[in-house]
Amino acid sequence: MSATGRIRSLSSLVIFFCGAVAILSPPSTSSVDTFVFGGCTQQKYIPGSPFDSNLNLLLGRLVGTAASSAYANFTVLGSTPQDTIYGLYQCRGDLNSGDCSRCVAGAVSRLGTVCTDACGGALQLEGCFVKYDNRSFFGAEDKTLVVRKCGPPIGSNSGALTRLDAALAYLATGGGTYRVGGAGEVQSTAQCIGDLSVSECQDCITDAIGRLKSACGASAWGDVYLAKCYTRFTRGVTYSQDGGNGYGNGNKDTKNNDDETNKTLAIIIGLIAAVALIILFITFLNKKCEKRKGCK
């Protein structure tokens, strides 16, 4: 094989090797993208119909607005009532505009897969909520239980239960659609969808708190999602949930994840350095062969 042929073969190997490194590198993940729940209506629309066009227009508006606002709702009027569509999104109250925008875009993308050709769909991710329907749902209070999950039991501890009561009581008396509370090691969060009135939001959160205490009061953590609000708590330690997701300060898990990340980065940097040396060596051989006529 000629030097040029060998160089091309080695170059191809280097390209393949770089591609393999990129594929084997762990992808970047974010907790805001974690799936919580989703649902679709049974009624379907015809692809390519006016409703389909209006739905694409609506979802585009939701994604486009998320970079500047944590909540928005839109109505796209059709030529007939059947083609009119309503939709909204809500980002978690502590997200910055960039994370909010990425979360909504991800939720809209998933909706297209989860609710293919459905006239209505809703998707809750850890960081945002997106919903659309061919019937208006704006301003309608809905306390239907959607998700209830409890962590492992912690046993009968009157002090822990008292702190939980205090943390949840803070949510019940707080104002606004997004509320954060705490008492000792217990942290609590609640949020309403932005289309509810102040009194409706308060009513929804109060109901969710009652269900949360009843179901998960003696647990390490708990989540209750109603159709228009949610509330949750954690006792300050990262406990494993379904799918391995945790809540709380997560100091131990964060440290372990950082160590693994550093090891991975060290390996990747070492591989990249090796690839660079191979490329330099190939370039050196190429120049040597060019200087020698008839190099085989």
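In which strand is L125 found? In this predicted model, L125 belongs to strand β4, and its relative accessibility of 1% places the residue among the buried ones, because burial is assigned under 20%. Apart from its neighbours within four places in sequence, L125 is in contact with V32, D33, T34, F35 and V36, and also with C103, G106, A107 and R110. The C-alpha atoms of L125 and G38 are separated by 8.6 Å, although the two residues lie 87 residues apart along the chain.

The surroundings of L125 reflect the setting of β4 as a whole, which is mostly covered, with five of its five residues buried. G121, L123 and L125 point one way from the strand, whereas A122 and Q124 point the other way, and all are buried. As a general matter, the side chains of a regular strand alternate between the two faces of the sheet. Strand β4 pairs with β1 in the antiparallel sense over five bridges, and within this pairing G38 has L123 of β4 as its bridge partner. Strand β4 also pairs with β5, again in the antiparallel sense, over four bridges; here the bridge partner of A122 is K131 in β5. The connection from β4 to β5 is a hairpin that passes through two residues.

The structure holds six disulfides, and with bonded cysteines counted along the chain their pattern is 1-5, 2-3, 4-6, 7-11, 8-9, 10-12. One of these is formed by C40 and C115, whose sulfur atoms are 2.0 Å apart; the torsion about the S-S bond is about -80°, so this disulfide is left-handed. The pair links distant parts of the chain, with C40 in strand β1 (residues 35–40) and C115 in the loop between α3 (97–114) and β4 (121–125), 75 residues apart. The two cysteines are assigned to separate accessibility classes: C40 counts as partly exposed at 38% relative accessibility, whereas C115 counts as buried at 3%. C119 is likewise assigned as buried, at 4% relative accessibility.

A further disulfide is formed by C103 and C128, with their sulfur atoms 2.2 Å apart, and a torsion of about -90° about the S-S bond makes it left-handed. Helix α3 contributes C103 and strand β5 (residues 128–133) contributes C128, so that distant parts of the chain, 25 residues apart, are linked. Both C103 and C128 are buried, and C103 is also one of the residues in contact with L125.

Helix α3 is in addition packed against helix α2 (residues 50–65), at an angle of about 160° and with the two axes 8 Å apart. This angle makes α2 roughly antiparallel to α3. On the side of α2 the contact involves L59, L62 and V63, which meet S101, V104, A105 and V108 in α3. The residues of this contact divide into six nonpolar, one polar and no charged.

Elsewhere in the chain, five strands form an open sheet with antiparallel pairing, in the order β6-β9-β10-β8-β7. Strands β6 and β7 (178–183) stand at its edges, and each has a single partner strand, so one side of each is left without a neighbour in the sheet. From one strand to the next, the twist averages 5°. Within the sheet, strand β8 (residues 186–192) and strand β10 (residues 229–234) pair in the antiparallel sense over six bridges, among them one in which Q187 has T234 of β10 as its partner.

Helix α5 lies across β6, β7, β8, β9 (221–226) and β10, and runs at about 140° to β9. A disulfide between C150 and C216, with sulfur atoms 1.8 Å apart, has a torsion of about -65° about its S-S bond and is therefore left-handed. The pair links distant parts of the chain, 66 residues apart, with C150 in strand β6 (residues 145–150) and C216 in helix α5 (residues 198–216). C150 is partly exposed, with a relative accessible area of 33%, whereas C216 counts as buried at 0% relative accessibility.

Key:
Residues are numbered from 1 along each chain as its sequence is written. This is a predicted model: local features need pLDDT of at least 70, side-chain atom pairs count only at pLDDT 80 or more; totals for chains, interfaces and linings use all residues. Side-chain values use heavy atoms; hydrogens and water are left out. A disulfide is a pair of cysteine sulfur atoms within 2.5 Å. Buried means under 20% relative accessible area, exposed over 50%, partly exposed in between (1.4 Å probe, protein chains only). Axes are lines fitted to C-alpha atoms, for helices over the stretch in contact, and angles run from 0 to 180 degrees between N-to-C directions. Angles under 35 degrees count as roughly parallel, over 145 as roughly antiparallel, 65 to 115 as roughly perpendicular and the rest as oblique. Contact means heavy atoms within 4.5 Å. Ala, Val, Leu, Ile, Met, Phe, Trp, Tyr, Cys and Pro count as nonpolar, Asp, Glu, Lys and Arg as charged, and the others, Gly among them, as polar. Two strands pair if DSSP finds at least two bridges between them.
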